[in-house]
Amino acid sequence: MSISRKDVEHVALLSRLEISEKEAGVYAKQLSEILSYMEKINELETSNIEPTAHVLPLNNVFREDKVEQSLAREEALKNTPDTEQGHVKVPKIV
Amino acid sequence: MNFEAVIGLEVHAELKTKSKIFCSCTTRFGGEPNTHICPVCLGLPGSLPVINRRAIEYAIKAALALNCKIAPHSKFDRKNYYYPDLPKNYQISQYDLPLALDGYLEIELNGKTKRVRITRLHLEEDAGKLIHGGASISRADYSLVDYNRTGVPLIEIVSEPDMNSPEEARAYLDQLKAILQYTEVSDCKMQEGSLRCDANVSIRPRGSAELGTKTELKNMNSFKALQKALEYEIERQTEVLEENGTIIQETRTWDEREGVTLPLRSKEEAHDYRYFPEPDLVPLSIDRKRVEEIRAGLPELPQARKKRLIEDFKLPEYDAKVLTLSKHMAEYFDSCVKETGDAKLVSNWLMGDFSRLLNSRGMEVEDSPVPPKEMAFLLKLIKTNKISGKIGKKVLEEMFETGKGAQTIIRDKGMEQISDEKTLIPIIEKVLEVNAKTVEDYRKGKERALGFLVGQVMKKTKGKANPELVNKLLKDRL
Ligand SMILES: [Zn+2]
């Protein structure tokens, strides 16, 4: 499995990560190696095995529909760089 | 060329649980901005989501009412995208193992029944609300975010592209809303955003089996907007094809003010969501016994109720449909009929003045300032000729305006019908005296003259005289 420099740039963009051209090359190589290593698993016969959605042998963990106290607004917005009238203020979106 | 539209709808409905889907914050609409939030719905490090049992039950209930198959195994996935309405930068949704699949609902249009298939129904969390500091998102210098809605449980219901006209799409949404309201899983208030709808639309030469390139329409905030946006978009695509152009697959937004659909800038779209299983939630294994219990507990659905109104009260199909599309309207109707025993009278008033007064205030039946008991009281007064229909309209308007009861309004404004001969006779005699010429005309055989005289009496009594009695008293004297 080979990951191209273009794949790395695409994924970096989707994740809003700024990477240099040099880094793109390094990551392309490293990610390709990691994926090739994982390919080893494909050698196993799994046609009769249910796909695993979660590593814990657990299902159906629920809570009851009960309202509890939310955070105080000052507390909730404490780490917000900019606020206005109780809202989180964010830069221009598009 | 003769084109046919192909439409599929994606509907999001907020479930009316008390608390959010993965945390205990309230789902209450409104509230001061950013006061219904906690570490879980904000996605703060170290916090863990736990599924609200009732959200799963409501989603199963909705899915069963929509004739879906409930999946034995289901799970949640992360849908990754960067947009400030999501504090976590991902939305917990369902990807390849949705809760329910393969359903349908039936729409009725022009006397024909059509089945619209439902591809899937899945659960997800709602996002926050953005206010743009400018005329539109692209002209805004900044945006403000309120995360109160973040984490409110949503069901997304995806239809097959089985609809072929804006009217069919509208009928589907009407029916879907009615079913979700009847099953009491959602309030479905479009004006509060608890019901939202996107549409996929393409056109193809009539009779062709192949699908054309589709566009996705967003931002339609009412039933009317959905219909208008689809009409516009079908027209636009038809023009493009007729001029030998090509349709571009894109997301377009409905501009209510201009009445057009416009392409959204590609930056606003995220095609690559990189879904993966949500590691913080364990999978769902749906208990078949519980599913059957929920199925057995399903209430009467809108179509069955409509049939009942037609059979029990001999109402016309159209009236029965209008009265049953909203569960609250159907219940309002039932309680008024119980009190008055006159389904036709109740139906006429509910579909006429009552609906008009609600609409002019942008209200739903459940917000009506006039409770069914008061409405029934008013209708009984009309039925027993205590007041005329015309006065009744004025009283109802006053009831909407002031929230007062019919009796109080009629008493305070002296609106009772005059059915007392002693009061009417002097007025009638005066009218006969003043209109000697008309009286003569009538005696010469001009029947219409009587109507004029009745009118004069009504005018003198400000419409309060009992018209039947006036007629009788006039005839006695002619
Ligand atoms: Zn919360």
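Here is a short tour of chain B, its zinc site and its last listed helix, α15.

This is a predicted model, so local features need pLDDT of at least 70 and side-chain atom pairs count only at pLDDT 80 or more, while totals for chains, interfaces and linings use all residues. Residues are numbered from 1 along each chain as its sequence is written, chains are lettered from A and ligands numbered from 1 in the order in which they are written, and side-chain values use heavy atoms, leaving out hydrogens and water.

**Chain B as a whole**

Chain B has 15 helices and 17 strands, taken as DSSP runs numbered from the N terminus (helices are H or I, at least four residues; strands are E, at least two). Some overall values are in the table.

| Property of chain B | Value |
|---|---|
| Radius of gyration, over C-alpha atoms | 29 Å |
| C-alpha box along the principal axes | roughly 90 × 55 × 50 Å |
| Accessible surface (Shrake-Rupley, 1.4 Å probe) | about 22700 Å² |
| Buried share of the 478 residues | 51% |

For scale, a compact globule of 478 residues would come out near 23 Å, going by the rule of 2.2 Å times the number of residues to the power 0.38. Carbon and sulfur atoms make up 50% of the accessible surface. "Buried" here means under 20% relative accessible area and "exposed" over 50%, with partly exposed in between (1.4 Å probe, protein chains only). Take the contacts (heavy atoms within 4.5 Å) between residues at least 6 apart in sequence: 70% of them join residues at least 24 apart.

**The zinc site**

Four SG atoms hold the zinc ion, from Cys23(B), Cys25(B), Cys38(B) and Cys41(B), at 2.3 to 2.4 Å. Donors are N, O and S atoms within 2.8 Å of the metal (3.2 Å for Na, K and Ca), and water is not among the atoms, so sites may look incomplete. The angles among the 4 donor atoms run from 100 to 115 degrees, making the site tetrahedral (four donors with all angles between 85 and 135 degrees). Along the chain, the spacing reads C-x1-C-x12-C-x2-C. Cys25(B) and Cys38(B) both sit in the loop between β1 (3-14) and β2 (51-52) of chain B, so this pair ties together parts 13 residues apart in sequence. Cys25(B) is buried at 1% relative accessibility, and Cys38(B) is buried too, at 11%.

**Helix α15**

In α15 of chain B (residues 467-477), the buried residues are Leu469(B), Val470(B), Leu473(B) and Leu474(B). Seen down the axis, they fall within an arc of 130 degrees (from the directions of the C-beta atoms), so they line one face of the helix. An α-helix has 3.6 residues a turn, so residues three or four places apart point the same way. Glu468(B) and Asp476(B) are exposed on the face turned away from the buried side. The cover over the buried residues of α15(B) includes α12 (421-434) and α14 (448-460) of chain B.

Note on methods
Four donors count as tetrahedral if all angles lie between 85 and 135 degrees; four count as square planar and six as octahedral if opposite donors are over 155 degrees apart and all others between 65 and 115; anything else is irregular.
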